[in-house]
Amino acid sequence: MSEKKIIGLFGVGQTDICIYVASILQNMGYRVCVVDNSYEQAMHYCIPHPAEKLLTITYKKIDYERLIPADSWQEKDYDYLIVDLGVWPSEEALRACTEIFLVMDCAVAQIYRYRELMKRAALPMSVILRDVCAEAVSARRVFGMLQEENCFVVDSYVLPLSEEDIACRFYMQYQGYQSFSHLSVPFEKMLVKICRELCGCEDSIVWRSFKQARKGACA
């Protein structure tokens, strides 16, 4: 690819998505770096690392870094830079991204808070709605509230509440990331769609790389 893509994810519960997408892209042959710029630093607990402090940790052929200022992202020599922007990113960080994904659940406070952020930033974003419990509220209603006076939602993904997905998310924090072979089908389809749209490759290539990444393999 001729130009690096900087993919920013922010909100609530985006760390595992960063890792999964990075793994698929790496299996497609791309050079990938994941940067954790979140306050929580959840990535630290998911990726095995040595006792000594290193600026870059390489795991499964993906480089992992932390707390890298937005003004230096373009200097990084990768095909894809995937950045965990945390709960509340700065507008400077958002504007440095090629693609932006907002990850959220159905909490009413989040809907109103992130709607105002999107309107203020005035940047196109894709929205991933996680842990949707249809008995409580429909995804359609949540997106209706989020898009009220807000025209910046360019794509949307819905992940129903899934015990498997939650288990995988917490398991990697305690045992370290190994693979994602037990995700729900909606989650798997979302990952494939995101990677297909990011790289523009044929479905067969994306699915083949997805299957390799799901097993914990790397190219």
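**Exercise 1. Strand β4 and its partners**

Task: Find how many of the five residues of β4 are buried in this predicted model, and which strands pair with β4.

Solution.
Step 1. Look at the burial of β4. Four of the five residues in this strand are buried, so β4 is largely enclosed by the rest of the structure.
Step 2. Take the partner β2. The strands β2 and β4 run parallel and are joined by four bridges. Within this pair, C33 stands opposite D63 of β4.
Step 3. Take the partner β3. Here the strands run antiparallel, and three bridges join β3 to β4. I57 has Y64 in β4 as its bridge partner.
Step 4. Look at the link between β3 and β4. The two strands form a hairpin with two residues between them, and K60 in the turn has a positive phi of about 55°.

**Exercise 2. The whole sheet**

Task: Write down the order of the eight strands in the open sheet, and state which strands stand at its edges.

Solution.
Step 1. Read the order across the sheet: β3-β4-β2-β5-β1-β6-β7-β8, with mixed pairing.
Step 2. Find the edges. β3 (57-59) and β8 (153-160) each have a single partner strand, so one side of each is left without a neighbour in the sheet.
Step 3. Add the twist, which averages 20° from one strand to the next.
Step 4. Check two parallel pairs. Strand β2 (residues 32-36) runs parallel to strand β5 (residues 80-84), with five bridges between them; C33 has L81 as its bridge partner in β5. β6 and β7 also pair in the parallel sense, over four bridges, and V103 stands opposite I128 in β7.
Step 5. Recall the general rule: strands of a sheet pair through backbone hydrogen bonds, either parallel or antiparallel.

**Exercise 3. Helices against the sheet and against each other**

Task: State which strands α5 lies across, which strands α7 touches, and at what angle α4 and α5 pack.

Solution.
Step 1. Place α5 on the sheet. This helix lies across β6 (99-104), β7 (125-132) and β8, and runs at about 140° to β7.
Step 2. Place α7 (residues 185-199). This helix packs on the sheet and touches β1 (5-11), β5, β6, β7 and β8; its direction makes about 155° with that of β8.
Step 3. Compare α4 (residues 108-121) with α5 (residues 139-146). They pack at an angle of about 40°, and their axes are 9 Å apart.
Step 4. Classify the angle. α4 and α5 are therefore oblique to each other.
Step 5. List the contact. On α4 the residues are V108, I111, Y112, Y114, R115 and M118, and on α5 they are V142, M145 and L146. The residues of this contact divide into eight nonpolar, no polar and one charged.

**Exercise 4. The nonpolar cores**

Task: Name the residues that touch the most other members of the largest nonpolar core, and list contacts of I82.

Solution.
Step 1. The largest nonpolar core has 43 residues, of which L25, I82 and L191 touch the most other members.
Step 2. Leaving out residues up to four places away in sequence, I82 touches I7, L9, C18, V21, A22, L25, V32, C33, V34 and V35.
Step 3. A second, separate core has 35 residues, among them I6, I68, Y78 and Y114.
Step 4. The general background is that in soluble globular proteins, nonpolar side chains tend to be buried together.

**Exercise 5. Two residues in one loop**

Task: Locate S38 and A42, and decide whether each is buried or exposed.

Solution.
Step 1. S38 is in the loop between β2 and α2 (43-46). A42 is also placed in the loop between β2 and α2.
Step 2. Apply the cut-off: buried means under 20% relative accessible area. S38 has 4% and is buried. A42 has 19% and is buried too.
Step 3. List contacts, leaving out residues up to four places away in sequence. S38 touches L67, D84, L85 and G86. A42 is in contact with T15 and D36.
Step 4. Compare sequence and space. A42 and E3 are 39 residues apart in sequence, and their C-alpha atoms are 29 Å apart in space.

**Exercise 6. Positive phi values**

Task: Where do L67 and D131 lie, and what is the phi of L67 and of D131?

Solution.
Step 1. Start from the rule that most residues other than glycine have a negative phi.
Step 2. L67 lies in the loop between β4 (62-66) and β5. Its phi is near 55°, a positive value in a residue other than glycine.
Step 3. D131 is found in strand β7. D131 has a positive phi of about 55°, although it is not a glycine.
Step 4. Set D131 against its strand. Seven of the eight residues of β7 are buried, while D131, at 23% relative accessibility, counts as partly exposed.

Methods. Residues are numbered from 1 along each chain as its sequence is written. This is a predicted model: local features need pLDDT of at least 70, side-chain atom pairs count only at pLDDT 80 or more; totals for chains, interfaces and linings use all residues. Side-chain values use heavy atoms; hydrogens and water are left out. Axes are lines fitted to C-alpha atoms, for helices over the stretch in contact, and angles run from 0 to 180 degrees between N-to-C directions. Angles under 35 degrees count as roughly parallel, over 145 as roughly antiparallel, 65 to 115 as roughly perpendicular and the rest as oblique. Contact means heavy atoms within 4.5 Å. Ala, Val, Leu, Ile, Met, Phe, Trp, Tyr, Cys and Pro count as nonpolar, Asp, Glu, Lys and Arg as charged, and the others, Gly among them, as polar. Two strands pair if DSSP finds at least two bridges between them. A nonpolar core is a set of buried Ala, Val, Leu, Ile, Met, Phe, Trp, Tyr and Cys residues joined through side-chain atoms within 4.5 Å. Buried means under 20% relative accessible area, exposed over 50%, partly exposed in between (1.4 Å probe, protein chains only).
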